[in-house]
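Hi everyone, thanks for making time today. I'd like to walk you through one structure, starting from the inside and ending with some charged pairs.

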Amino acid sequence: MESTFGQIDIIRKQERPGLVKSIAVELFNQFVNNHFLSSKKTAAKLFISQATLTKFSKRLSFSGYNELILRLKWEHEQIKERFISSNLTIEEFKNSSINAIEECDKFLPKLEILSNLIKKSGMVHIVYTLQSSSEANLLYDVVGAHKRDVRLYTPQSFFPFHLKNLRENDLIIAFIYGKNVEVVIDDFKKLSLEKSNQLAIFCTNLLKQTINSDDLIIVTDVDYYSKKFINQHFILSYLFSLIDNFLEIKSKS
């Protein structure tokens, strides 16, 4: 289930300029600064009515603004301020890394499913956008250590030519990160409609909304962590270690 803060962040990024976007931006800033205002003060700051805040809260499945704020305060406590601060001491960075690993526990069921798909598939095809080349190469090495039939495709070398040559039990693992990936997303929308093979996608939550696929999607969104680019590599490397472990266990069983 997507966090309330995550939903607000999506609205903040995707909504067109207007009241809804302004509320999302304000609540995002309140969350990041850990300084939550009352309904009255927030409404006055944005020059809107408290009823408008209630309507926004109901959009996120809350009965009212106060219930929404209570949820945001709870989520902030779970994430911890060290995940949001951009100036970390070495000790704080170590702690944030430990917390990031603990956050990865939610991916375990999907990673086990993905490991099963890798093991049972005929050929594994790994595709990536330019911003995720190093992660794709790392996963290629991980899968290649357990399976001979694995291929790595450079950006724009996979679609649409190779679609015709896929076998039914082939598995596609795709990394979709960064900006200007609309063409790749369009290809995946077509693939989701036409495919008879398995598809697994690593992406951010923002891009997940545009893919809108029922396939196995693993969201590794680190927008709320400091040094998010480095943490993206860190989190994915940890996830690949878990996949490697699952594949090792399955090889012995």
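So, the largest nonpolar core in this predicted model has 30 residues. The residues with the most contacts inside it are Leu114, Leu139, Ile173, Phe175 and Phe202. Which elements give two or more residues to this core? They are the helices α7 (108–120), α8 and α11 (228–252), together with the strands β1 (124–128), β3 (171–176), β4 (198–203) and β5 (216–219). Of these, α11 gives the most, with 8 residues.

Let me pick out Ile173 for a moment. Leaving aside residues up to four places away in sequence, Ile173 touches Leu114, Ile118, Val124, His125, Ile126, Val127, Leu139, Ala200 and Phe202. There is also a second, separate core, of 20 residues, and among its members are Phe5, Phe31, Ile48 and Ile69.

Now to helix α8, which covers residues 133–144. From first C-alpha to last, the 12 residues of α8 reach 16 Å, close to the 16 Å expected at 1.5 Å a residue. Buried in α8 are Glu135, Ala136, Leu139, Val142 and Val143. Why do these sit on the same side of α8? Because they cover an arc of only 120° around the axis.

On to the charges. As a reminder, side chains of opposite charge can pair when their charged atoms come close. Here the count comes to 5 salt bridges, and I'll show you three.

Two of them involve Asp9, in helix α1 (residues 4–14). Arg12 pairs with Asp9, their closest N and O atoms being 2.6 Å apart, and Lys13 pairs with Asp9 too, at 3.3 Å. Along α1, Arg12 is 3 residues from Asp9 and Lys13 is 4 residues from Asp9, in each case about one turn of the helix. The general point is that an α-helix has 3.6 residues a turn, so residues three or four places apart point the same way.

Is Asp9 buried or exposed? Asp9 is buried, with a relative accessible area of 3%, while Arg12 is partly exposed at 24% and Lys13 is partly exposed at 34%.

The third one joins Glu75 and Arg71, with the closest N and O atoms 2.9 Å apart. These two are 4 residues apart in helix α5 (residues 65–79), so about one helical turn separates them. Glu75 is buried, at 4% relative accessibility, and Arg71 is partly exposed, at 32%. Back in α1, shared partners join Asp9, Arg12 and Lys13 into one network of salt bridges.

That's my tour, and I'm happy to go back to any part of it.

Definitions and conventions:
Residues are numbered from 1 along each chain as its sequence is written. This is a predicted model: local features need pLDDT of at least 70, side-chain atom pairs count only at pLDDT 80 or more; totals for chains, interfaces and linings use all residues. Side-chain values use heavy atoms; hydrogens and water are left out. The expected span of a helix is 1.5 Å times one less than its number of residues. Buried means under 20% relative accessible area, exposed over 50%, partly exposed in between (1.4 Å probe, protein chains only). The arc is that of the directions from the helix axis to the C-beta atoms. A nonpolar core is a set of buried Ala, Val, Leu, Ile, Met, Phe, Trp, Tyr and Cys residues joined through side-chain atoms within 4.5 Å. Contact means heavy atoms within 4.5 Å. A salt bridge is a side-chain nitrogen of Lys or Arg within 4 Å of a carboxyl oxygen of Asp or Glu.
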